[in-house]
Amino acid sequence: MRHESCSQFGNKRLTAYRTKSNLFPNWEQKYVIMRLLGRDKLLPLKGKSEQIDKWISSWVSEIANANWKSPDELIEQYPNAQKVKEGHFSFCVCSSRYFIELTIAFAQGIAIITAPIKKL
């Protein structure tokens, strides 16, 4: 802090110095929101049933707002998700025969919908 004099009135006022980090906290370092790509690949599932549509809408919202740092955090949130291989997961859509395959790069905060799959 420093004192400045006002040239017009001769008064002194207290001025606080603020750094950029004080004014605008760097939230990105703490919370990395997942970037979800490939949403258009879910279109074949649209309209199958109202329940599936609601589930997909909620799932997309949760994935897009997730901030997982590891596969363990994903499995903690989605215990029914199956780890296919490193960075690849399969999600059962609303207890139906449909699954969504998702590839995740945790360090980069990117999730890619690779394909909807219908299992017999």
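Here is a short tour of a predicted protein model, one selection at a time.

**Stop 1: the whole chain**

Start with everything shown as a cartoon. You should be able to pick out three helices and seven strands. Walk along from the N terminus and the elements come in the order β-β-α-β-α-α-β-β-β-β. Of the 120 residues, 27% count as buried. Now switch on the surface: the accessible area comes to about 8,800 Å², and carbon and sulfur atoms hold 52% of that. Contacts are worth a look too. Among those with a separation of 6 or more, 42% join residues that sit 24 or more positions apart.

**Stop 2: colour by confidence**

Next, colour the chain by pLDDT. The average is 80, and 72% of the residues score at least 70. Then select residues 1-21, where the pLDDT is below 50. Beyond near neighbours in sequence, this stretch has 18 contacts in the model. Go easy on this part, because predicted coordinates should not be read in detail where pLDDT is low.

**Stop 3: the largest pocket**

Select W55, Y78, P79, N80, A81, F91, C92, C94 and S95, and you have the lining of the largest pocket. Its volume is about 160 Å³. How do the lining residues divide into nonpolar, polar and charged? Seven are nonpolar, two are polar and none is charged.

**Stop 4: S90**

Now click on S90, which you'll find in strand 5, covering residues 88-92. Is S90 buried or exposed? S90 is buried, because its relative accessible area is 3% and the cut-off for buried is under 20%. Show what surrounds this residue: leaving aside neighbours within four places in sequence, S90 is in contact with N80, A81, Q82, V84, F99, I100 and K119. Two of those names may ring a bell, since N80 and A81 also line the largest pocket.

**Stop 5: I110**

Finally, jump to I110 in strand 7, which spans residues 110-118. With a relative accessible area of 26%, I110 counts as partly exposed, because that class runs between 20% and 50%. Which residues does I110 touch, once neighbours within four places in sequence are set aside? The contacts are M34, R35, L37, T103, I104 and A105. Before you leave, try the distance tool on I110 and L36. They are 74 residues apart in sequence, yet 6.2 Å apart in space, C-alpha to C-alpha.

Key
Residues are numbered from 1 along each chain as its sequence is written. This is a predicted model: local features need pLDDT of at least 70, side-chain atom pairs count only at pLDDT 80 or more; totals for chains, interfaces and linings use all residues. Side-chain values use heavy atoms; hydrogens and water are left out. pLDDT is the predictor's confidence in each residue, from 0 to 100. Contact means heavy atoms within 4.5 Å. Helices (H or I, at least four residues) and strands (E, at least two) are DSSP runs, numbered from the N terminus. Buried means under 20% relative accessible area, exposed over 50%, partly exposed in between (1.4 Å probe, protein chains only). Accessible areas come from the Shrake-Rupley method with a 1.4 Å probe; for residues, only the protein chains shown count as cover. On a 1 Å grid over the protein atoms alone, a cavity is a set of points where a 1.4 Å probe fits but cannot get out, and a pocket is an open set with protein on both sides within 12 Å along at least five of seven lines; lining residues have an atom within 4 Å of a point. Grid points are joined across faces, edges and corners, and a volume is the space filled by probe spheres set on the points. Ala, Val, Leu, Ile, Met, Phe, Trp, Tyr, Cys and Pro count as nonpolar, Asp, Glu, Lys and Arg as charged, and the others, Gly among them, as polar.
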